[in-house]
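Q: I am new to this structure and would like a close look at a single part of it. Could you walk me through the salt bridges and the residues that form them?

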Amino acid sequence: GQSPASVKTPILRPSARPIFDGRELERWDVSRSRLPADSQILFLDPGVWERSREVIVVSVTAIIGQTVLIAALLMTRKKRRRAERSLRESEGRFRVLANSAPVMIRLSNTDMSCTDINHQWLAFTGRALEGERDRGWFTGVHPDDREEYVRTCTEALERRQPFRTEYRLRQANGEYRWVLESSVPRLMSDGSVIGYIASAIDITDLKAARKALSNLSGRLMDAQEQERQRLA
């Protein structure tokens, strides 16, 4: 009984498109396929995607991220295992070759701790392999030569270069013998140094021969000088 001008709420204007109440369609089980093609449906209940869009996006993103992370970890683990297997195979080949070599050979890490030693080295020192592992071999170096050896090794490691040095090593009978060690760096595929391969030979007799030759040369020079003075 009111005039249109007195109504405060908006008045729906006639529309060219058919408009339906989605709640009534569900109530009366009317399929949307039966509606005109250009129909507009109002008051539809939001679906799962509309209600949980943010949750779904965040969850899917988290799942994808975790999958990528797990894949990366598995690849890293696979590469590490491959590297470890390659290292074990390399050490196995080293052991076969080293035990056949006529010189003493030692495999060391960057901290000079020993990982493997050939039979010739063990025969020289008279110690078991377990006693020479880690820093055990270093106890056989003469105390007066240890500091110089550490300095030489450290400087070579910083430059990633091979080095040669002489030091006295305790033999199985307790006698110290002079050895000449030649060490070359062990390099990974990326160029990083993981340690050294050292070969050593006993040069005690050679040093004694050199000393004797030096003394003989000195006596000959003295004799020649005395002869010149006598002739003069």
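**A close look at the salt bridges**

A: Happy to! Please keep in mind that this is a predicted model. To set the scene, the chain has seven helices and seven strands. It carries 38 positive and 31 negative side chains, and a search of the whole structure turns up 12 salt bridges.

Let's start with Lys207 and Glu166, whose side chains meet in a salt bridge at 3.3 Å, N to O. Lys207 belongs to helix 7 (residues 204-231) and Glu166 to strand 5 (residues 163-170), so this pair ties together parts that lie 41 residues apart in sequence. Lys207 is partly exposed, with 27% relative accessibility, and Glu166 is partly exposed too, at 35%.

Now turn to Arg177. Its side chain forms a salt bridge with Glu175 (3.7 Å, N to O). Asp205 also forms a salt bridge with Arg177, with the closest N and O atoms 3.6 Å apart. That second pair links distant parts of the chain: Asp205 sits in helix 7 and Arg177 in strand 6 (residues 176-187), 28 residues apart.

How covered are these residues? Arg177 counts as buried, because its relative accessibility is 14% and the cut-off for buried is under 20%. Glu175 is partly exposed at 37%, while Asp205 is exposed at 56%.

Finally, these pairs belong to a wider group: Glu175, Arg177, Asp202 and Asp205 are linked in a network of salt bridges.

Notes
Residues numbered from 1 in each chain as written. Predicted model: local features only at pLDDT ≥ 70, side-chain atom pairs only at ≥ 80, totals over all residues. Heavy atoms only, no water. Helix = DSSP H or I, 4+ residues; strand = E, 2+ residues; numbered from the N terminus. Lys, Arg positive; Asp, Glu negative; His and termini not counted. Charge placed at Lys NZ, Arg CZ, Asp CG, Glu CD. Salt bridge = Lys/Arg side-chain N within 4 Å of Asp/Glu carboxyl O. Buried < 20%, exposed > 50% of the residue type's maximum accessible area, 1.4 Å probe, protein only.
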